[in-house]
Amino acid sequence: MSRFEPGSSINYEKMHENINIVRRRLSRPLTLSEKIVYGHLDDPAGQEIDRGRTYLRLRPDRVAMQDATAQMAMLQFISSGLPTVAVPSTIHCDHLIEAQIGGVQDLQRAKDINEEVYNFLATAAAKYGVGFWKPGSGIIHQIILENYAYPGVMLIGTDSHTPNGGGLGSICIGVGGADAVDVMAGIPWELKCPKVIGVKLTGTLSGWTSPKDVILKVAGILTVKGGTGAIVEYHGPGVDSISCTGMATICNMGAEIGATTSIFPYNHRMKTYMEKTGRGEIATVADLFKDDLVPDKGCEYDQVIEINLSELKPHINGPFTPDLAHPVSDIGAIAKKSGWPLEVKVGLIGSCTNSSYEDMGRAASLAKQALDKGLKCKAQFTVTPGSEQIRATIERDGYAKILSDVGGIVLANACGPCIGQWDRKDVKKGEKNTIVTSFNRNFTARNDANPATHAFVTSPEIVTALAIAGTLDFDPETDYLTTPSGEKFKLEPPTGDELPSRDFDPGQDTYQHPPAEGGSVKVNVSPSSNRLQLLEPFDKWHGKDLENMRVLIKVKGKCTTDHISAAGPWLKFRGHLDNISNNLLIGAVNIENDAVNKIKNQLTGEYGGVPDVARYYKANGESWVVVGDENYGEGSSREHAALEPRHLGGRAIIVKSFARIHETNLKKQGLLPLTFADPKDYDKIRPDDKISITGLKSFAPGKPVTAVIKHSDGNQDSISLNHTFNETQIEWFQAGSALNRMKELQ
């Protein structure tokens, strides 16, 4: 049963009209991505459109927020002073449930521990007209796919894996909370006009190869930043061999290549999925507008990749980065050569990427073969259902029992280990070990806070096979398992129904619809709370150049949002800016000493933690900058990675290149995200330098600023720094934040 509100956001006529206006102006065939994005332009007749250059002003249809990011988004919305949201919006409680014992116990524990936060989100949702999915309902992206996504919709979500909805022909984009506030406030939302990367699929998926292997292969080709500033658009005859939820898997993990989002064209698989999930009436309307939901013949892509699904082999990516791609047939030899532990300690299936009915069915088909031969998993094995609907349906249809019988523990319908919500007990911190997951991200220490854990991402089918075998050195296509009686046997390729033959079982009702009139609802934030804190406006720009700023830390190598603002145990402080700021950059490597969370306080000469030194500088009136490497801020959409440096006195982040969402988040909070015009200038900056950023009085789009680097030996360098600010974003900087600017304009 869908929670879609009929008529709330479905408007194919308006999109069709906008597409025609833009097509007449551009006089060329359009990609599918362009149709949906330009179909949501605020001013289709006047908007300047140039892929990769201009900023588009858009009108998204919906907003969705997960509970860890919704806290800050709703705190910002409250401080905007607006009475109610302008577009349909929902909050989803999925991030704060720690995997410990099993689904039922872990959910109850989370409700007890997080009662204050859940109450805040439930009352804020009711007051401001936002739908509320209670803890236990499932992972935001699965709920969106089951209820709110549909072909042609534009949805923004405060989570980097929002692109999951592209599996249903939607443009779904991950953003920070401040972007969500803009859309909820009825303000046009800005996005740099995306380039479009085409991935042409030919052939047919079969055997051990799964939809996950498509994106694992693409990640290997494009790397973690190859999709930055682009929408990845899948097309070609191979598309029809992939299920709707399989397409969602591929789009979900597109976040790992830095893509703005990913999308598939409308087809019969999507129509069937919508009918099965209570949205048959939308599919009927979509059929009438099908030409707007597929690319035009002859449309041009900025880059094209071709993948023959008939030749694609099962892949496994990792460790420590999701773009290190290997065929499963090679991973054993590569692991031996690289010194990676061969023993698989834990296999984990599920997550927002791979927890569909089909995924669970295919995994269960392998588990059943093992059970029939008297085998269980050699590794520990966990199962995370994506939603209450999936949990209830796989329980009804027997999959959950098979997965449990083979050794699996069914966890809560939540993110769990995928985002570090895992109270792992089987290895000590620092102990080298291997885990395999069907998740999307495998950065250092992400899943279990252990930097020595070698995490590999692959399909649920391969995870299940490797958990049964207990080793990476196992290719299920060619290798044999041994039964307790000594018989050797080979696993048959996995099979599973795309959708249940009967309707989905919705399970427990976990949705709270906003009341018709929420103005009288009270939203309480206790001044003594250590979980929630009302926001104070950031200071406005003082109108002068930023002089003599300290280098807080010069970061070496990869610096994701997990490094900047860790998740796991820190998730509990996501609604309290001052408390969560105690995790600022504690995972980043300091180039001065190759250590984490150990930097020199240039005022005292002593070494301390990054947040402690930042607080010391702020208390002593010293502004500071962070210096970083390539693709700074890749990964999660968490805006805390931008709020924290601003809160602790940071003014600028100077790097070789940024990930899209993080760069925007920094701008929203009044910081200056700047990039070296010459990447080699990174080497000119020393930890004890003072940096001045000049030219801010004439700060303008497309015009570089200058950084004067004063060295402790009395010498100085002057370097050029680029930026991507437009005129509106410069106003955010001058006002102190986008929220400050919004209030000025009210």
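This tour moves through selected strands, helices, histidines and a pocket of a predicted model.

**Stop 1: the mixed sheet**

Begin by selecting the six strands that form an open sheet in the order β6-β5-β2-β3-β4-β21, with mixed pairing. Its edges are occupied by β6 (171-174) and β21 (511-512); each has a single partner strand, so one side of each lacks a neighbour in the sheet. Within this sheet, select β2 (residues 62-66) together with β5 (residues 154-157), which pair in the parallel sense over three bridges. To find the register, display Val63 and look across to Ile156 in β5, which stands opposite.

**Stop 2: helix α7**

Select residues 177-184, which make up helix α7; eight of its eight residues are buried. The buried residues include Gly177, Asp179, Asp182 and Met184. After the helix, move to Gly186, whose phi is positive, near 85°.

**Stop 3: strand β15 and its two partners**

Now select residues 380-384, strand β15. Is this strand enclosed or open to the surroundings? Four of its five residues are buried, so β15 is largely enclosed by the rest of the structure. Add β14 (residues 344-350), which pairs with β15 in the parallel sense over five bridges. Then add β16 (residues 408-410), which is joined to β15 by three bridges, again in the parallel sense. Thr382 of β15 is a useful residue to label: Leu348 stands opposite Thr382, and Thr382 also stands opposite Ile409 in β16. To see how the chain connects β14 with β15, display helix α13 (residues 357-372); β14, α13 and β15 make a right-handed β-α-β unit.

**Stop 4: strand β22 and its two partners**

Select residues 546-554, strand β22, which is mostly covered, with seven of its nine residues buried. Which strands pair with β22, and in what sense? Strand β30 (residues 690-694) runs antiparallel to β22 and is joined to it by three bridges. Strand β27 (residues 624-627) runs parallel to β22, and four bridges join the two. For the β30 pairing, display Leu546 and its bridge partner Ile693. For the β27 pairing, display Val551, which stands opposite Val625.

**Stop 5: His563 in helix α17**

Select His563, which lies in helix α17 (residues 561-564). With a relative accessibility of 14%, His563 counts as buried, because the limit for that class is under 20%. Its side chain makes a polar contact of 2.9 Å with the side chain of Thr560. Beyond residues up to four places away in sequence, His563 touches Lys558, Leu585, Ile586, Gly587 and Ala588. For a distance across the fold, select the C-alpha atoms of His563 and Glu630: these residues are 67 apart along the chain, and the two atoms are separated by 14 Å.

**Stop 6: the largest pocket**

Next, display the surface around Ala449, Ala566, Ala567, Gly568 and Pro569, which lie nearest the centre of the largest pocket among its 36 lining residues. The elements giving two or more residues to this lining are α4 (103-113) and α17. Helix α4 provides the largest share, four residues. The volume of the largest pocket is about 860 Å³.

**Stop 7: His711 in a loop**

Move to His711, found in the loop between β31 (705-710) and β32 (716-722). Is this loop residue buried or exposed? His711 is buried, with a relative accessible area of 6%. Display the side chains of Asp689 and Asp717 as well. The His711 side chain makes a polar contact of 2.8 Å with the side chain of Asp689 and another of 2.7 Å with that of Asp717. Leaving aside neighbours within four places in sequence, the residues in contact with His711 are Lys684, Arg686, Asp689, Gln716 and Asp717.

**Stop 8: helix α22**

Finish by selecting residues 727-735, helix α22, in which Gln729, Ile730, Trp732, Phe733 and Ala735 are buried. To see what surrounds these side chains, show β1 (55-58), β7 (189-192), α21 (660-668), β29 (672-676) and α23 (738-745), against which the buried residues of α22 pack. At the start of the helix, a side-chain oxygen of Asn726 reaches to within 3.2 Å of the backbone nitrogen of Thr728. Just after the helix, Gly736 takes a positive phi of about 105°.

Definitions and conventions:
Residues numbered from 1 in each chain as written. Predicted model: local features only at pLDDT ≥ 70, side-chain atom pairs only at ≥ 80, totals over all residues. Heavy atoms only, no water. Buried < 20%, exposed > 50% of the residue type's maximum accessible area, 1.4 Å probe, protein only. Contact = heavy atoms within 4.5 Å. Polar contact = N/O pair within 3.5 Å; in protein donor to acceptor, adjacent residues only side chain to side chain. Pairing = 2+ DSSP bridges. Right-handed = clockwise from strand over helix to strand, strands pointing away. 1 Å grid on protein atoms, 1.4 Å probe; cavity = no way out; pocket = protein on both sides within 12 Å on 5 of 7 lines; lining within 4 Å. Points joined across faces, edges and corners; volume = space filled by probe spheres on them.
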